[in-house]
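Student: Please take one strand of this model for a close look, and set it in the context of its chain and of its pairing partners. I would like one connected account rather than a list.

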Amino acid sequence: MRKIEHIGIAVNSLKVSNALFEKLFGQPPYKEEEVASEGVKTSFFMNGPNKIELLEATNPESPIAKFIEKKGEGIHHIAFDVNNINEEIIRLKKEGFVVLNEIPKKGADNKLVAFLHPKGTNGVLIELCQEIK
């Protein structure tokens with residue numbers, strides 16, 4: 001893992017939260033997109049070298065909707081940039097981590113993604129991200 005790629009925050013409303021984070025960072029999101037396969041709309045903000053992803057559920061069965069129902073709005077995951085997501089999945093499985101999706105899937109912001117189960121990572125959902133080239 002090379003660096004923190006972004007921090008994901010689950011929100012009830014992108015419109016409301018985008019306005020809040022625009023005030024916080026003094027600039028609008030640089031990107032908004034929907035990931036239909038995950039039932040989510042996202043927006044991304046840059047703050048210096050750091051990236052924040054806001055996530056709004058598009059249906060009540062999406063992981064974000066379920067997260068907000070259980071825990072309310074807040075930090076949903078921490079994503080780490082990796083060179084080779086397939087090699088990282090193999091390495092982390094050998095280390096005993098539970099990988100939620102062993103075959104990486106297309107995520108937001110031109111990334112292949114895979115997640116580690118939070119039960120094995122002190123309650124934090126970890127996302128692995130590799131830029132699609």
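**A close look at strand E8**

Tutor: The protein chain has three helices and eight strands, and it should be said at once that the model is predicted. Read along the sequence, these elements follow the pattern β-α-β-β-β-α-β-α-β-β-β. The radius of gyration of the protein chain is 14 Å, close to the 14 Å that the globule rule gives for 133 residues, so the chain is as compact as a globular protein of that length. Along the principal axes, the C-alpha trace spans about 45 × 30 × 25 Å. Of the 133 residues, 43% count as buried, and the accessible surface of the chain comes to about 7,800 Å², with 54% of it belonging to carbon and sulfur atoms. Where contacts join residues at least 6 apart in sequence, 52% of them link residues at least 24 apart.

Against that background, the part I have chosen is strand E8, which covers residues 125-131. Six of the seven residues of E8 are buried, so this strand is largely enclosed by the rest of the structure. Which strands, then, pair with E8? One of them is E5, which pairs with E8 in the parallel sense over five bridges, and another is E7, which is joined to E8 by six bridges and runs antiparallel to it. On the E5 side, Asp-81 has Cys-129 as its bridge partner in E8, while Ala-79 stands opposite Glu-127. On the E7 side, Leu-128 of E8 is the bridge partner of Ala-114. As a general point for reading such positions, the side chains in a regular strand alternate between the two faces of the sheet.

The pairing can be followed one step further through E5, since strand E1 (residues 3-11) is joined to E5 (residues 74-81) by seven bridges, and these two run antiparallel. Here the bridge partner of Ile-4 in E5 is Phe-80. E5 thus takes part in an antiparallel pairing with E1 as well as in the parallel pairing with E8.

A residue that shows both sides of E5 is His-76, which lies in that strand and is buried, with a relative accessible area of 14%. Leaving aside neighbours within four places in sequence, His-76 is in contact with Gly-8, Ile-9 and Ala-10, with Ile-64 and Phe-67, and with Leu-125. Since E8 covers residues 125-131, the contact between His-76 and Leu-125 reaches into the strand under discussion. The C-alpha atoms of His-76 and Gly-8 are separated by 5.4 Å, although the two residues lie 68 residues apart along the chain.

The approach to E8 along the sequence also deserves a look. Asn-122 lies in the loop between E7 and E8, and at 78% relative accessibility it counts as exposed, whereas six of the seven residues of E8 are buried. Phi of Asn-122 is near 55 degrees, a positive value in a residue other than glycine. Most residues other than glycine have a negative phi. Asn-110, in the loop between strand E6 (105-107) and strand E7 (111-116), likewise has a positive phi, of about 60 degrees, although it is not a glycine. Asn-110, however, is partly exposed, with a relative accessible area of 31%.

The E7 partner leads on to Val-98, which is found in the loop between helix H3 (85-94) and E6. Apart from neighbours within four places in sequence, Val-98 is in contact with Phe-115, Leu-116 and His-117. The C-alpha atoms of Val-98 and Phe-25, which are 73 residues apart along the chain, are separated by 35 Å, a contrast to the 5.4 Å between His-76 and Gly-8.

Elsewhere in the chain, strand E2 (residues 31-35) and E3 pair in the antiparallel sense over five bridges, with Phe-44 in E3 as the bridge partner of Lys-31. These two strands form a hairpin with four residues between them, and Gly-39 in the turn has a positive phi of about 65 degrees. Within E3 (residues 40-47) sits Thr-42, which is buried, with a relative accessible area of 1%. Beyond its neighbours within four places in sequence, the contacts of Thr-42 include Leu-14, Leu-55 and Ala-108.

Conventions. Residues numbered from 1 in each chain as written. Predicted model: local features only at pLDDT ≥ 70, side-chain atom pairs only at ≥ 80, totals over all residues. Heavy atoms only, no water. Buried < 20%, exposed > 50% of the residue type's maximum accessible area, 1.4 Å probe, protein only. Contact = heavy atoms within 4.5 Å. Rg over C-alpha atoms; globule rule 2.2 N^0.38 Å. Areas by Shrake-Rupley, 256 points an atom, 1.4 Å probe, with all protein chains shown as cover. Pairing = 2+ DSSP bridges.
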